[in-house]
Amino acid sequence: MILAKVVGTVVATRKDDRLVSSKLLLAQPIDPRGKVQGNHLVAIDTVDAGFGETVLIVSGSSARMAEGLKDVPVDAAIVGIVDSVNVDD
């Protein structure tokens, strides 16, 4: 799973028919303390996440196991909205 912050939306007027009516969000991976890590990614939203929210993303074949995404051409799916992250030092 990838911890990330939603930083934008992606609009594609032409896309695979299986993606019609799906919300695509731009997410920035972060570490547990909120520090930016890695490159942005585009993920299909399955939980109605919004801008600025911290989310959980699954990628690869796990993304296609999310609710309603069987046989949908996705590589990343937002499957949870994070309420809090606690890190013990």
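This report describes the salt bridges, the strand pairing and two buried residues of the chain shown above.

The coordinates come from a predicted model, and every value below was computed from that model.

**Strand framework**

Strand E1 and strand E2 run antiparallel and are joined by six bridges, with Thr9 standing opposite Leu25 of E2. On the pairing of E2 with E3, the sense is again antiparallel, over four bridges, and here Leu24 stands opposite Ile44 of E3. E2 therefore pairs with E1 as well as with E3, and five of the six residues of E2 are buried, so that the strand counts as mostly covered.

**Salt bridges**

Side chains of opposite charge can pair when their charged atoms come close. In this model the count comes to three salt bridges, which are listed here with their N to O distances.

| Salt bridge | N to O distance |
|---|---|
| Asp16 and Arg18 | 2.9 Å |
| Lys23 and Asp45 | 3.1 Å |
| Lys23 and Asp48 | 3.3 Å |

In the bridge between Asp16 and Arg18, Asp16 is partly exposed, with a relative accessible area of 31%, and Arg18 is likewise partly exposed, at 47%.

The side chain of Lys23 meets that of Asp45 in a salt bridge; because Lys23 lies in the loop between strand E1 (2-10) and strand E2 (24-29), whereas Asp45 belongs to strand E3 (residues 41-45), the pair ties together parts that are 22 residues apart in sequence. Lys23 also forms a salt bridge with Asp48. This second pair likewise links distant parts of the chain, since Asp48 sits in the loop between E3 and strand E4 (54-59) and Lys23 in the loop between E1 and E2, 25 residues apart. Through shared partners, the salt bridges join Lys23, Asp45 and Asp48 into one network.

The members of this network have their own accessibility values: Asp45 counts as buried at 11% relative accessibility, Lys23 is partly exposed at 32%, and Asp48 is exposed at 64%. Asp45 is classed as buried because its value falls under the 20% cut-off, while Asp48 is classed as exposed because its value is over 50%.

**Surroundings of Asp45**

Asp45, placed in strand E3, also has polar partners in the backbone. Its side chain reaches the backbone nitrogen of Val47 at 3.1 Å, and a polar atom of the Asp45 side chain lies 2.8 Å from the backbone nitrogen of Ala49. When residues up to four places away in sequence are not counted, Asp45 touches Lys23, Leu25 and Ile78. Lys23 is thus a contact of Asp45 and also a salt-bridge partner of Asp45, and Leu25 is the residue of E2 that stands opposite Thr9.

**Surroundings of Val58**

Val58 is found in strand E4 and is buried, with a relative accessible area of 12%. Leaving aside residues up to four places away in sequence, Val58 touches Met1, Ala63, Asp75, Ala76, Ala77 and Val79. A further reference point is Leu3, which is 55 residues away from Val58 along the chain, with the two C-alpha atoms separated by 9.2 Å.

Conventions: Residues numbered from 1 in each chain as written. Predicted model: local features only at pLDDT ≥ 70, side-chain atom pairs only at ≥ 80, totals over all residues. Heavy atoms only, no water. Salt bridge = Lys/Arg side-chain N within 4 Å of Asp/Glu carboxyl O. Buried < 20%, exposed > 50% of the residue type's maximum accessible area, 1.4 Å probe, protein only. Helix = DSSP H or I, 4+ residues; strand = E, 2+ residues; numbered from the N terminus. Contact = heavy atoms within 4.5 Å. Pairing = 2+ DSSP bridges. Polar contact = N/O pair within 3.5 Å; in protein donor to acceptor, adjacent residues only side chain to side chain.
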